[in-house]
Amino acid sequence: MTDDSRVLEAKNLSVEIEVPAGILHAVTNVTLHVDKGETLGIVGESGCGKSITSLAIMNLLPSKATRTASKLQLEGKDLLSLSERELASLRGNSMGMIFQDPMTSLNPVYRIGEQLEEVYIQHGKGNRKEARERAAYLLDKVGIIAPRERLSQYPHQLSGGLRQRMMIAMTLMCEPSLVIADEPTTALDVTMQAQTLNLLSSLQDEFKMGLILITHDLGVVARMADRVLVMYAGKAVETGTSQQVFDHPTHPYTQGLIQCIPVPGKTSNDGRLGSIKGMVPALIGDLRGCMFRNRCAYVSEKCHASEIQFNQISPGRGYRCLLEANECADNLEGNLGTEIVQ
Amino acid sequence: MLNFVIHRIYVSILVAITVSVIGFSLLRISGDLAAELAGEDASTEEIAEVAKAYGLDRPFHVQYFDWAGKALSGDLGRSLFTNELVVELITDRIGVTFKLAIYSLILGLLLAVPLGVLASTRPNTWIDRMALGLAVFGQAIPNFWLALIMILFFGVTLRWLPISGSETEWHFVMPTLTLGLTVMPQFMRLTRTGMLDVLDSDFIRTARAKGLNPIRVLFKHALRNAILPVISLAAVVFGFLLGGSVIMESIFALNGVGFLAFESIQRQDFPVVQSIVVMLSFIYILLTFLSDVINAQLDPRIRLG
């Protein structure tokens, strides 16, 4: 793998947010990278820092949040040393973001065309006419019929699925090398979800961009992602290729997540699906020990005390737990990963 | 858009008819007009004569249609006091009132909108506090007091500005400052809260994620959404300024409609009072119509929804 193919590299990315109760450790020492044409899935339940991680990469954090990292590079450019103005010239240009809710993510008072074209013009890619050509071309790409007519419509005249396609087309206007999709299908109904995901992956094949797909839906990750980063309480708890993570989940949290997916033919009709008891702990103040310990079936004394190291099994494959990798695997075999609530 | 405008015009006409009936009846139920006109020691016969002379003995609906029919053709009757045509009385003075209202509204908006936008981008900083402080000041200070203080300071002590009359533009400076400062706080607050709301919305985050210039995000994407309620309020405030500047007109001896209304009420000059009431109501209706049209122009959801 050459350095040329590396789109994004982040090392020890942390985000702290000042709240009235103290310092909220939203993201702690997350290390990740995305290569050209590759999809990295970030998985975890609500409040575990997925979205904050993506906003931190884009430098769109709320003003009360501070971002630190030992390395944050986009195509070799050091994002940490750039001014806000220089960062703005990269946003929408070299890196784009697709948001969760297409119903509220477009400005209601401007035409679709205007909203697509302005990003192209802002980044000096061409004049109004060229921007219109590009917008029509991309709407066609994202499977919108009669793109030119659509450009003169307003967001409220379109359905949710169409709006999300508009968002995708808008993100691609300047052909970014990195696209972050934050729960792109969560707000859509099931048929639109599948279509939108297919669309994203075919666009990725065509434009060769690096894609970070943030979701809580493991099914989406299994389908789309080359590599997976599982986050819990603001920390990476497991990384690996999709195959590794789904076939041999190592961290008790990942195991729990996987057991929540119904499998046709395997999950009995009258039995209940697995669930992970308890909730994500509050991340305020001085945090020590394993964050998952209050919900973990294998919790021991040691889990409370020390900082849990991230065990690197092989390059790109690792987990954050005191158990040995084979112990974890055995646990799953015995189906002890989570308690099945009856 | 055309459908929207036609519908609004239709609604406005219905409201105007209703308002004219109410305006007409209010004066009739405020007392026996004939008795008031005839004077305190008039006999029953004299009152009946007065009633007959002014047509007040006819049934209510006949009186209304007679008045409304004449009003439509531009005849609002004559002042009982000076015998001048009411239309002339009003048209002579509406210019002054209109000018003062426009100046004050523009001043209020020019101060309020930039200040509101500025405050919203830096919530809870000294800029925000200063803007809010100014708003509280503007709202808390009675405008007649402010007017008198200004007369004392700029007019009497410094002798910079004329203190009464409406002959030159200089005469409008102090009344405009006073009224502008009175209406500014509501615009400022509405702009500020509207902007705070909009700046927090998803589509602003989208605009930032697109790498747009922050000024563009603020004025193109945020303000256009936040300004809609301010426009509706401006229409109402303009109506208030046209009808409610009675005190300012009295203090600065500006010979406007407010002052005329005040005089006419004291003299029980009912044709004049009635005409002013109905005219101001019509102005309100017209302004509401205009603000609806502007809002529809700015927000496609209203226009096409």
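**Exercise 1.** Is B:Ile13 buried, partly exposed or exposed? Work out its class, then place the residue in its surroundings.

*Solution.* Keep in mind that this is a predicted model. Start with the location: B:Ile13 sits in helix H1 of chain B, which covers residues 2–28. Next, take the number: its relative accessible area is 48%. Buried would need under 20% and exposed over 50%, so B:Ile13, at 48%, counts as partly exposed. Now look around it. B:Ile13 belongs to a nonpolar surface patch together with B:Ile9, B:Tyr10, B:Leu14, B:Ile17 and B:Val21. Taken together, the patch has about 540 Å² of accessible area. One handy reminder on spacing: an α-helix has 3.6 residues a turn, so residues three or four places apart point the same way.

**Exercise 2.** Describe how domain 1 and domain 2 of chain B meet.

*Solution.* First, get the bounds: the domain assignment puts domain 1 at 2–72 and domain 2 at 86–291. Measuring over C-alpha atoms, you'll find the two centres 32 Å apart. Then count the contacts: 17 residues of domain 1 touch 9 residues of domain 2. For the area, the two domains of chain B bury about 1200 Å² between them, and carbon and sulfur atoms give 76% of that. Who does the work on the domain 1 side? B:Val19, B:Leu27 and B:Trp67 supply 33% of the area that domain 1 buries against domain 2, more than any other three residues. Last check: the rule finds 0 salt bridges across this interface.

**Exercise 3.** Find out how many residues of helix H3 of chain A are buried, and what they pack against.

*Solution.* Helix H3 of chain A runs over residues 112–122, and 9 of its 11 residues are buried, so call it mostly covered. Among the buried ones are A:Ile112, A:Glu114, A:Leu116, A:Glu118 and A:Tyr120. Their partners come from both chains: helices H4 (128–141), H5 (147–151) and H6 (160–172) of chain A, plus helix H10 (214–226) of chain B. Just past the end of H3, A:Gly124 takes a positive phi of about 65 degrees.

**Exercise 4.** Is B:Lys220 buried or exposed, and which residues does it contact?

*Solution.* Begin with the address: B:Lys220 lies in helix H10 of chain B. Its relative accessible area is 14%; the cut-off for buried is under 20%, so B:Lys220 is buried. Now set aside neighbours within four places in sequence, and B:Lys220 is in contact with A:Tyr110, A:Glu114, A:Glu118 and B:Ile215. That ties back to Exercise 3, where A:Glu114 and A:Glu118 turned up among the buried residues of H3 of chain A.

Notes: Residues are numbered from 1 along each chain as its sequence is written. Chains are lettered from A and ligands numbered from 1 in the order in which they are written. This is a predicted model: local features need pLDDT of at least 70, side-chain atom pairs count only at pLDDT 80 or more; totals for chains, interfaces and linings use all residues. Side-chain values use heavy atoms; hydrogens and water are left out. Patches are made of residues with over 30% relative accessible area and no salt bridge: like charges are joined within 9 Å, nonpolar side chains (Val, Leu, Ile, Met, Phe, Trp, Tyr) within 5 Å. Accessible areas come from the Shrake-Rupley method with a 1.4 Å probe; for residues, only the protein chains shown count as cover. A salt bridge is a side-chain nitrogen of Lys or Arg within 4 Å of a carboxyl oxygen of Asp or Glu. Helices (H or I, at least four residues) and strands (E, at least two) are DSSP runs, numbered from the N terminus. Buried means under 20% relative accessible area, exposed over 50%, partly exposed in between (1.4 Å probe, protein chains only). Domain bounds come from an automatic or database domain assignment. Contact means heavy atoms within 4.5 Å. Buried area is the accessible area (1.4 Å probe) that two parts lose on being put together, summed over both.
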